[in-house]
Amino acid sequence: PEPTGADDKRIAIEARGIVKAFGQGPSALRALDNVSVSIRENEFFTLLGPSGCGKTTLLRLIAGFEYPTEGAILLHGDDIAGLPPFKRPINTVFQSYALFPHLTVWENVAFGLQMLGKSKADIEARVAVMLKLVHMEELAQRRTDQISGGQAQRVALARALAPSPKVLLLDEPLSALDYKLRKEMQIELKRMQNETGITFVFVTHDQEEALTMSDRIAVMSRGKVLQVGSPWDIYDKPADRFVADFIGETNFLKASVVSIENGVARVMLASGTEIVATIAEGFQPRDSVTVVVRPEHARAVQQGGQLSGSIENVVYFGTDTHIHIKLDSGELFTVRQQNSRTQSCGFKVGDRAGVEIAPDAAQVLRD
Ligand code: ATP
């Protein structure tokens, strides 16, 4: 359906039919190839994809550092092509933070407010609120070349949030941090987004980070948006093979469609076994397809199961065990099962095993 006026108000940023080409003629590179996304107000929205897929380019277009070759960027329904970056109610946190090293934490956070010509009293009050939000009150007078990476990250955020932008763009802001700090900052960032109600557009190539932080995710590849949805949608109902493969681990099985009824297909696997799998519209009987099954939706069994093969490897992870099975069809299949406190999974390399796929776990995708 066509968007109504009421819905438009809830859209903070809309990219409409964006093409961004670098260079001219046949050698031009299409960094973005007809991208359309709508980012809602108060949303934690993530652009996720491998290096070079166009995430940063899209962010730079929204910020106004680049202009689209075709298409438009709308802010609350208005085309903002004519607005230079500093006039857009949009701020950016860069991967490098770009703090002023010779200024204190306090001065860094106050900087944007001073540029806007705010009164001294307003600045004092606002900086105090921001430093509290990022838990940096105690280091307010420290120079920013004398703080840690995680602290610098928080100062950069406070500085970007201080002028109350409508939208905050974040380009891989956590990539410089070590694993543990990154995990902490993921939760902190989510909290700050909740508390401020500002729309966050977050860029990452880390699928786990995207899943844990986002309200919605746009998965990108080679200048295109392949799927937009909640973390659950993206993980559980991947639109295609690329998304299924990029988001978490997945098993791929070759198959052909036998019959389709009410969104459920019977498919024949390479081994000749028939299984049921959910299927989207647009498939026909006899289509060659790929069936995907998440490793945690299958388990290895001594007897029975829809698939059979022999154990290639058993990898213990503390909370769970990953069992790699070479199926009789020659395909590799991984199951991931929770560990019991009292016994091991009971399989060793070379054992014969069956694979039991959970009901509704198999999904048909285009080959
Ligand atoms: P990364 O995660 O590595 O930052 P990305 O998804 O953000 O990657 P972009 O930086 O948007 O990707 O780049 C998309 C494509 O456009 C890449 O192939 C890149 O080389 C190209 N590109 C980006 N900026 C320019 C430019 N100014 N001139 C020419 N090509 C560019």
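**Figure 1. Strands β11 and β12 pair through six bridges in this predicted model.** Here β11 (residues 251-261) and β12 run antiparallel. A good place to start is Val-257, which stands opposite Val-267 in β12. Following the chain into the hairpin, you will find two residues between the strands. Asn-262 belongs to this hairpin and takes a positive phi near 50°.

**Figure 2. β12 continues into a second hairpin, this time with β13.** Five bridges hold β12 together with β13 (residues 274-278), and the pairing is again antiparallel. For orientation, look for Ala-265, which has Ala-277 of β13 opposite. Four residues lie between these two strands, and in the turn Gly-272 has a positive phi of about 95°.

**Figure 3. The two faces of β12 (residues 264-269) are covered and uncovered.** Which residues make up the covered face? They are Ala-265, Val-267 and Leu-269, while Val-264, Arg-266 and Met-268 lie on the uncovered face. Two landmarks from the earlier views return on the covered face: Val-267 is the residue opposite Val-257, and Ala-265 is the one opposite Ala-277.

**Figure 4. Twelve-residue labels mark the surroundings of the ligand, from Phe-22 to His-205.** Between Phe-22 and His-205 in the list come Leu-29, Ala-31, Gly-49, Ser-51, Gly-52, Cys-53, Gly-54, Lys-55, Thr-56 and Thr-57. By class, this shell has four nonpolar, seven polar and one charged residues. Which elements each supply at least two residues of the shell? They are β2 (29-40) and α2 (55-63). The largest share, three residues, comes from α2.

**Figure 5. Helix α2 is mostly covered, with seven of its nine residues buried.** The buried residues are Lys-55, Thr-56, Thr-57, Leu-58, Leu-59, Leu-61 and Ile-62. Among them, Lys-55, Thr-56 and Thr-57 also appear around the ligand. Just past the helix comes Gly-64, where phi is positive, near 95°.

**Figure 6. Five strands form an open sheet in the order β15-β19-β16-β17-β18.** Pairing in this sheet is antiparallel. Why is one side of β15 (298-301) and of β18 (332-338) left without a neighbour in the sheet? These two strands stand at the edges and each has a single partner strand, so one side of each stays unpaired there. From one strand to the next, the twist averages 45°. Within the sheet, seven bridges join β16 (residues 307-316) to β17 (residues 320-327). If you would like a single pair to locate, try Gly-309, whose bridge partner in β17 is Leu-327.

**Figure 7. The N-terminal residues 1-6 have pLDDT under 50.** For this stretch the model has one contact beyond four places in sequence. Where pLDDT is low, the predicted coordinates should not be read in detail. Across the protein, pLDDT averages 91, and 98% of the residues score at least 70. The model's scores are ipTM 0.94 and pTM 0.86.

**Figure 8. The close-ups belong to a protein with nine helices and 20 strands.** Its C-alpha atoms fill a box of roughly 75 × 50 × 40 Å along the principal axes. Of the 367 residues, 35% count as buried. Among contacts between residues at least 6 apart in sequence, 66% join residues at least 24 apart.

Definitions and conventions: Residues are numbered from 1 along each chain as its sequence is written. This is a predicted model: local features need pLDDT of at least 70, side-chain atom pairs count only at pLDDT 80 or more; totals for chains, interfaces and linings use all residues. Two strands pair if DSSP finds at least two bridges between them. Axes are lines fitted to C-alpha atoms, for helices over the stretch in contact, and angles run from 0 to 180 degrees between N-to-C directions. pLDDT is the predictor's confidence in each residue, from 0 to 100. Two residues are in contact if their C-beta atoms, placed from the backbone, lie within 7 Å. A residue is near a molecule or strand if its C-beta atom, placed from the backbone, lies within 6 Å of it. Ala, Val, Leu, Ile, Met, Phe, Trp, Tyr, Cys and Pro count as nonpolar, Asp, Glu, Lys and Arg as charged, and the others, Gly among them, as polar. A residue is buried if 20 or more other C-beta atoms lie within 10 Å of its own, exposed if 12 or fewer, and partly exposed in between; C-beta atoms are placed from the backbone.
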